Amino acid sequence: MSSVAEAITAEIDQLGIADKHPGLAQLAVQLAASVDAPGNVTGQANAARELRAVMEDLRKLAPPAKDLDRVDELAQRREDGLVRARRA
């Protein structure tokens, strides 16, 4: 079972926002580490609530996912072929 900090780090990497919003991303990781830390259950609950809010903000700041449809995929393949042809 992975830790909350590992899961949050993976999500931040997947969203591709660590470079654009490093402070908020680091805050999320620190809050996740607080949730993982044994001990103060009240502190963990508070950290979890804040983590949820920070991650919601980070998700809103993330660029939209690039879902390529068939036309976009063909255009990308064509562009890749043209680039390779120019290099050759």
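This is a short dialogue about reading a predicted model of a protein chain.

Visitor: Let's start simple. How many helices and strands are there in the protein chain?

Guide: You'll find 4 helices and 0 strands. Reading from the N terminus, the order is α-α-α-α.

Visitor: And what is the radius of gyration of the protein chain, set against a compact globule of 88 residues?

Guide: A compact globule with that many residues would come out near 12 Å, while this chain has 19 Å. The box around its C-alpha atoms fits that picture: roughly 60 × 25 × 25 Å along the principal axes.

Visitor: What share of the 88 residues is buried?

Guide: Buried residues make up 18%. For a residue to count as buried, its relative accessible area has to be under 20%. The accessible surface of the whole chain is about 6,600 Å², and carbon and sulfur atoms account for 54% of that.

Visitor: Let's zoom in on one helix. Which residues of α2 are buried?

Guide: First, the general idea: an α-helix has 3.6 residues a turn, so residues three or four places apart point the same way. Now the case here. Helix α2 covers residues 22–36 and reaches 21 Å from its first C-alpha to its last, close to the 21 Å expected. Its buried residues are Ala-25, Ala-28, Leu-31, Ala-32 and Val-35. They sit on the same side of α2, because they cover an arc of only 125° around the axis.

Visitor: What covers the buried residues of α2?

Guide: The cover includes α1 (4–15) and α3 (41–61).

Visitor: Now the charged pairs. How many salt bridges does the count come to?

Guide: The count is 2. To spot one, look for a side-chain nitrogen of Lys or Arg within 4 Å of a carboxyl oxygen of Asp or Glu. One of them joins Glu-11 and Arg-59, with the closest N and O atoms 2.6 Å apart. Glu-11 belongs to α1 and Arg-59 to α3, so this pair ties together parts that are 48 residues apart in sequence. Glu-11 is partly exposed at 21% relative accessible area, and Arg-59 is partly exposed at 42%.

Visitor: Where do Lys-60 and Glu-56 lie?

Guide: Both are in helix α3, 4 residues apart, which is about one turn of the helix. They form a salt bridge too, and their closest N and O atoms are 3.5 Å apart. Lys-60 counts as exposed at 62% relative accessibility, whereas Glu-56 is partly exposed, at 42%.

Visitor: Last one: what percentage of contacts with a separation of 6 or more comes from residues 24 or more positions apart?

Guide: Those residues account for 58% of such contacts in the protein chain.

Methods
Residues are numbered from 1 along each chain as its sequence is written. This is a predicted model: local features need pLDDT of at least 70, side-chain atom pairs count only at pLDDT 80 or more; totals for chains, interfaces and linings use all residues. Side-chain values use heavy atoms; hydrogens and water are left out. Helices (H or I, at least four residues) and strands (E, at least two) are DSSP runs, numbered from the N terminus. The expected span of a helix is 1.5 Å times one less than its number of residues. Buried means under 20% relative accessible area, exposed over 50%, partly exposed in between (1.4 Å probe, protein chains only). The arc is that of the directions from the helix axis to the C-beta atoms. Contact means heavy atoms within 4.5 Å. The radius of gyration is taken over C-alpha atoms; the globule rule is 2.2 Å times the number of residues to the power 0.38. Accessible areas come from the Shrake-Rupley method with a 1.4 Å probe; for residues, only the protein chains shown count as cover.
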